[in-house]
Every structure is written in structure tokens, then in C-alpha cells.
Amino acid sequence: MVQSDQLPKNYDFAEVEERWRKTWRDEDNYFDKKSRKPQFVIDTPPPYPTGNFHIGNALNWCYIDFFARYKRMKGFNVMFPQGWDCHGLPTEVKVEEINKITKNDVSREEFRKMCRDLTIKNIEAMRITLRKMAFSTDWSNEYITMMPQYFSKTQLSFLRMLKSGYIYQSEHPVNYCTRCETAIAFAEVAYEDRETTLNYFDFNGVEIATTRPELLAACVAVAVHPGDERYHKLKSKTIKVPLFGHNVPVVQDEAVDPAFGSGAVMICTFGDKQDVHWWKQHNLALRKAIDRQGKMTDIAGRYKGLTTTECRKAILADMKAKNILKRQEKLAQRVGTCWRCKTPIEILSERQWFVKIKPDEIQKAAHQITWFPEHMLRRMENWVEQMEWDWCISRQRIFATPIPVWFCTKCGEMVTPDEKDLPVDPTLVKPGHPCPKCGSTSFSAEVDVLDTWMDSSISVLNVTGWDGNGNPPYFPAQIRPQGHDIIRTWAFYTILRSVALTGQKPWDEILVNGMVLGEDGFKMSKSRGNIIVPEEILVKYGADALRQWGAMGAATGSDIMFNWNDVVAASRFQTKMWNITKFALMQLEKGGFDEHEPVTALADRWLLVRLSDTVEQVSAAMEAYQFDVALKTIREFAWDVLADNYIELVKGRLYRQDASRRSACLVLHTAFDALCRMLAPFTPYFAEECYSYLKGDSVHKQPWVTFSYDDDAARQEGNLLVQVVAEIRKYKHDAGLALNAPLGKVTIYAPHTVNDEGDTGRTLNADVHWRTDVVKLDRVITDIDFNRSVVGPTFRKQAQAFMTAVKTLSPAQLENPPKTIILDGVEAAIPENAFTPKFTYMEEGAKVDVITIGDVIVTIAKK
Ligand SMILES: [Zn+2]
Ligand SMILES: [Zn+2]
């Protein structure tokens, strides 16, 4: 054991954290495939490699590391892998920015290489933050989705689901971002409130209101309610579309609201989801007026080539000129926009690839998973219940997993690669054999790529060892930790894919964390200037303080507001704990203690029983992933119970040289050892530092605390003991006495005998007697307190006379004052609150002060 005088006076987090980071070995956190311990596999979220590990990631990873470390201490074979979800648009955009090019300026392959290079650089930067944060990552299970080892699995999963009928291609309306020039899934549509104009115009004699006149070219029908008598004459008729001149049928549909506008609406392909619905229902024609770049097509005639915004303006101007635009109104509207670039999405009919959604299968698996917090399951249920369209998985981009498919140019047959040849980029290689249908060797490659969620939704299959041959060896995983913002994407898609590929749920449990808000309570954003980066906190207060903030900020699943004060408080706790450490080590090194010697003193038994309670509460909180409860309980024990109460109480005993000192040392050692181990998941650097001084070993190799001690009498009497001591200390403080100043004789009248082994007397520096009989006190009035703010204004010049008169009253009158008093021969009213008698208590003829604590009475005869 290191001598306590060699311990630095102050805890230097920067020095300590760096030293342990260099000492710890990655191998100690590897998942052991040969282990016979129960497995605990974590389906860690693979972050997008932006180069910055943000505070939201930090919170999420804190939770993961808390339970990963806890489970290791509990004897589990833990896998805490680290993945990187590389593909996607943000990197493409960044590469275009950095290199001042557009993706079409270089070859696809070259563009991909640029994206890969940037991603590798970003991953390296983020790994550094992960290490600084002391996350116990299993680096032997790192995966990078853009690497062949991983995306060959994505392609394998695609082929398997294609074969089993889960994946199909078809021409179908999809959500499309014309700025990003790609289809997107419903989960990627964000909704924004905007103000728009509702335009009423004359549609060949019928008044129609529309917010999107540019879609007039795509109009395929006019719909009215079947019960709307105004339009009975139009039944089974066609009418001519203004400005464009094509004829469209009038259809009747119950879904039309006759009270809205004129009760007639136009159906376009496609203005919204309702249009898609009607289009299918009434088997209408398809008119594509908007192309993938958001420009008007041939169908738009003289408006061809205009953007949708330009076209809207031009059409409204033409309507005005032709006098068919009747009126315009402002209208508040919710618009579906691209999650990334906020461009309003278009619904375009495209040949795309889809994954079939089977809601019942997903609901069933979702219910087999335990959700923390429980109410998050409801979010999944809601999302599945409202699914209408299948999942569109094809994207018209470059940096993504290629769809491994060719088409025979002669007969159109779809050709897929052999599984053993994966991964393949069909745009770079040809199929290994001729077309099975017509024998042709001429093929065209699928140029669409896969949605990034197709990569990340098999993360759990990847970490559990899936290779397509039966169920993976470590499947299902034990837990999926993730944010509530990606329940409808990552959680949903993962469940879908696991069920499709294995027939099983992906994990036993899912732990959902909240979002981190700025100090102002708003979502962090550049424009608000409220972004906090983990690196800043690491430099100022260290990783352990940041990790404590993560634990204490809020209940698991709730959003958490960033607050510097919480980080400062965390750092203060470390200072306090460091002082406890130094004190404990100093005592322990002075003299041995015997682990087998009985603990008899009340304070010692009390501390052990409180420690036992703490261990039980903290363990229960850890099992339920309630990290705020766990850390709060640990802090209260360390700060209040151990430091402020126990140590103060037994300090005096520790300077003696007898069995009672050894008992206190044993208790101190037990408590300190347990505290280090309970803190290990939360503050790995700090706990390691303290424990290394105590035991010369790593706390992270120790089992979780199982300490248990049952002594209800000690809990009750000990609570009373510390309460009495605290009250008398407060009395000393109020009386202006130093805490170690001699106090005289203190008699404590308690309902039953308390054997405190002299601790109370030593800590108070008093002659303490515990008694169980009833106190006998005489009460005398020795003085009167006058309330000058009442007496002065009421009696003015007679104030002195009033006070003199009051002093002549009998003790009984002083306690129950009469209504009036004679002043200079005149009767005067005694105002309320004019004075209070001051009592003095006498015990056995000596003057004493009295403190009442519940049913305990303390008398103090000062020296
Ligand atoms: Zn977009
Ligand atoms: Zn063919």
C-alpha cells in the first residue's frame, strides 16, 4: 500500500486520467469466445463518422459503459463492440464541399474513394474521444459498414430477403427529395409548419381550391362526395383541365369533405398520400409532371423545364390573366420535408426497391423485448400501426452499399451474384455466368444503392456472428441501447430484419436514452449557439465528471439538459471523495485490523447496516438501468453517511490503540472498498486511482459488491445517535463555539439504552451520559425579550415605563400576559408580541440548555 503522505494533496484529474488511459489494456475488455460465463452482448449504435463525437453520443455511451462495466463485475462475458455507420449523404456533401466538386465531376469509384478516405480520418478522431471518455470498448469487435467484411453481409442479407420474397422492386409512388435527388423512406420525412396560399380557381365550371397549382399538369381526376347534390349532374362525366386541356374523369369518393371549399378536389399524381390512395382506389392514369431534379416534365407543356416554384408562379399569373383565379387565402400547413436538407418532399412514382413490412411479425417481436423505460414500447406500436407503405430501400446516390443485381439486356431477367462472390459492385464487374433464361452475356448493372439503414439494421446480426448459415452463435443480443429519436428507424428496421432473416427478436432488452438539450433548454443547434462539445468538458473537468453528469442528469429515457453546475458538482464530489480516501488510507496504514474480529460499537454497526442498504439500493438501480438513482445513492452514502456522520463520530476512537480502533478501521476499509467498486462503472479513472492505493490492484477486475449486513437495532439506534450528535453540533455552532471546544456535561434522555462506546463524548468533546429515565427539569423565567419594533412605535416616550412595568409582572402573568397594564397611573393595552419571557432550565440545581429531538431530550450544562 502506498503511504498516505505520498498521496497528492489535490486530485489532479488530468494527470490521473491520462496515466490510467496509458496503463489500461484493450485486451481486458475483449469478449471471450471461449468463456463459460453468461454472455452479455451489446448492440452498440454505430455513430455516423462526422469526426465529432457529440454530447448526445456521449450520454448514450455513458449509459452503455455504466452497464457494460457493471455486468463485467457481475460476472458476465461482455461484448461492447464499436461500429461506424459510414454510408450516406452527409459524407457525400462534405466531400463535394472539401474538394470543391460535384459528384458528377469524377468517376463513381473515385468519388467513393474520397468518401472512404474522409470517413477513415473522421473515425480516427472519434476513437480518441471514446478512449478519453474511458469507455470500455471491445476493440476486437469493431466494425466499419463501408468495409467489404461488413457490406458483404449487407448484400448477403439483401439477397436472402430477395429470395424469401421480403424484397421486391416495383414502380410505386415514393417520397423523393429533389435536392438530394434520391428516394427516401417515410421514417426520413420530417414535418414542418409553413404558411401557404390556398388558390380558388374555376376548373371548367367547378370551383377547386389548391395549394399546389403547379400540379395542374399532373391532374388525373376531380373527386366529389357521392352525396353532394351539387355535382350529381357531373356523375360519370369528364371535364377539361384548364390551361392544359386534357380531359379527366369526375370520381365519387366518400373521403371527400363536401364542407371544405367547394366540395370538389383535384387528384394529381401526386400531391400527397391521399392522392396516392385515390389513384389506386379509382385506377387512375399516371401523369408525371415533376422529374427527379424537381423540374417540370414534357407533360407540363410550355412550363417544361421550370422548377416547381417557378411553375407555380407562372401558372397563377396565367390563371389571373385568363380570369379563372377567383380568390386566394392564407393557409397554415404541415409540410413533409427531407430530414436532411429540409426541402419539401415530392411524391414521385419510381421504379424502386422495397422491403415488405409485416406489422404483425414486428409487433410480436417488439413485445418479446423488455423496454426501458417501458412506455417507449408504445412509440414502436404507434409507428407500426400507422405503416401504410413498404420500406423503400433504394437510393439514387453513390456512397452506399451497391445493390448486387444485374439485368439481362436481352430478356430483362434479373441476375444476382453467387453468395461466395460477395461483396460485388455490379457497376464494376459482370455476373459469373450467362443469363440463365436466354444465355445472353450482356447485362446492365443496377446503379441504385441501398439505404444506409440497410447497413445498420443488421448491426446486431453482425456482432452476434451472422454469416448466413443458421442462427448466429451469440444471437439474440442481450441489449440494444439507443436514442428515442431513432425508434421508428433503427429499432424498427432492426426488428424487421432480424425477424425476416432469423425468425427471432434481435435482443432481450432495449434501453432508450433521451436527447441532450442546451443549457437554455432548447435542442442544441449552431444557430442557437448552445452547442456543448464533450472535448470542452474533458479539458475543463475530466471524463469522470462528464460521466457523472451523464448519470445524474435525468431519469433514463428522459431528455437531459446540459448544465455546467452539474459538472462542477461532480468534480466537487471527487474532491470530497479524495479527502475521504486520504483520511481512510492514513488510518488504515497506521495499524492492522482483523477481518474476523467482531464489529461491536454502535456507530460501526450502523455504518455497516447503512452500507448494506446502499449496496442493495444501488444494485437494484443498476439492474433497472436507473443510473441517476444509483449514483445519487452512492454519493449520499459517501458524503453524508460516511464522511459527515460516521467519520466525524469515530475520529476520536481512531486515535486510540485498542480493539475499538481496529473495529472502526475494519468498517472504514469495508466501506471504502465497497465505494470504490460501486463507483467503478461511473468514474472509472477516479475509482481506479483510489482503489490502487487501497489494494494495489485494479478495481475493474473486482466483482461487484455483495456486502450484506442485517442489524435493524443498529439502524434505528444509530440513526438516533447521528441525529442527536448533529443537533448538538448545530447547537455548538449557533452558540459560537468551535466544534472541538469543550462543552461540559451533556445528558441524553432517550427511550432506551444506547451504548455508543464513548463516540458521542469524543466527537462533541463533552462529558456525555445516556439515560433512559425521565428528565426532571425546573423552568424559571430569567429574562424578558422585548420586541422593540412593537414597543417603540406603540409607547414612544413611555416605552421605558412600559418595560419597567412588565418586569413587575409575576412569572404566571409573563407567560399569559393580561390585556392591560397600568402606565403612569393610566391603563394601557398590552399589544400582541410585545415581549416573550426567556426561560432557563434547571436540572439538579444546575442551569442547563435543553434540546428536544423527537422523543429525546438533551440537557447541556456548559462548563
Ligand atoms: Zn434532401
Ligand atoms: Zn436474358
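Helix α14 has as its buried residues A543, D544, A545, L546, R547, Q548, W549, G550 and A551. With nine of the 10 residues of α14 (residues 543-552) buried, the helix is largely enclosed by the rest of the structure. The model described here is predicted, and the points below take up its buried elements, its six-stranded open sheet, its second largest pocket and the two cavities found in a search of the whole structure.

**Buried elements**

- Strand β14 is largely enclosed by the rest of the structure, because nine of its 10 residues are buried.
- β14 runs antiparallel to strand β5 (residues 167-177), to which it is joined by 10 bridges, and within this pairing Y176 has E346 of β14 as its bridge partner.
- β14 also pairs in the antiparallel sense with strand β16 (residues 391-392), over two bridges, where V355 has W391 of β16 as its bridge partner.
- In helix α3 (residues 89-99) the buried residues include L89, T91, E92, V93, V95 and E96, and helix α4 (108-132) is among the elements that cover the buried residues of α3.
- K100 follows α3 and has a positive phi, near 50°.

**The open sheet and its helices**

- Six strands form an open sheet in the order β27-β26-β33-β32-β31-β28, and their pairing is mixed.
- Because β27 (767-771) and β28 (778-786) stand at the edges with a single partner strand each, one side of each is left without a neighbour in the sheet.
- From one strand to the next, the twist of this sheet averages 35°.
- Within the sheet, strand β31 (residues 835-843) and strand β32 (residues 846-853) are paired in the antiparallel sense over three bridges, and Y841 has V848 of β32 as its bridge partner.
- Helix α20 (residues 712-734) lies across β26 (745-749), β27, β32 and β33 (856-861), and its direction is at about 125° to β32.
- Helix α23 (residues 799-807) also packs on the sheet, where it touches β28 and β31, and its direction makes about 175° with that of β28.

**The second largest pocket**

- The second largest pocket holds about 1300 Å³ of space, and of the 48 residues that line it, T211, R212, G271, D272 and Q333 are the closest to its centre.
- Two or more residues of this lining come from each of β7 (189-203), β8 (206-210), β12 (264-268), α6 (273-281), α7 (308-321), β13 (325-338) and β14 (346-355), and β7 gives the most, with six residues.
- By class, the lining of the second largest pocket is made up of 19 nonpolar, 16 polar and 13 charged residues.

**The two cavities**

- Two cavities of 30 Å³ or more are found when the whole structure is searched.
- The largest cavity has about 110 Å³ of space, and of the 17 residues lining it, those closest to its centre are A185, F186, D390, W391 and C392.
- At least two residues of the lining of the largest cavity are supplied by each of β5 and β16, with β5 giving the largest share, four residues.
- The lining of the largest cavity has 14 nonpolar residues, two polar residues and one charged residue.
- The second largest cavity has about 50 Å³ of space and is lined by F186, K273, W383, Q386, M387, E388 and W389, which divide into four nonpolar, one polar and two charged residues.

Notes: Residues are numbered from 1 along each chain as its sequence is written. Chains are lettered from A and ligands numbered from 1 in the order in which they are written. This is a predicted model: local features need pLDDT of at least 70, side-chain atom pairs count only at pLDDT 80 or more; totals for chains, interfaces and linings use all residues. Side-chain values use heavy atoms; hydrogens and water are left out. Two strands pair if DSSP finds at least two bridges between them. Axes are lines fitted to C-alpha atoms, for helices over the stretch in contact, and angles run from 0 to 180 degrees between N-to-C directions. Contact means heavy atoms within 4.5 Å. On a 1 Å grid over the protein atoms alone, a cavity is a set of points where a 1.4 Å probe fits but cannot get out, and a pocket is an open set with protein on both sides within 12 Å along at least five of seven lines; lining residues have an atom within 4 Å of a point. Grid points are joined across faces, edges and corners, and a volume is the space filled by probe spheres set on the points. Ala, Val, Leu, Ile, Met, Phe, Trp, Tyr, Cys and Pro count as nonpolar, Asp, Glu, Lys and Arg as charged, and the others, Gly among them, as polar. Buried means under 20% relative accessible area, exposed over 50%, partly exposed in between (1.4 Å probe, protein chains only).
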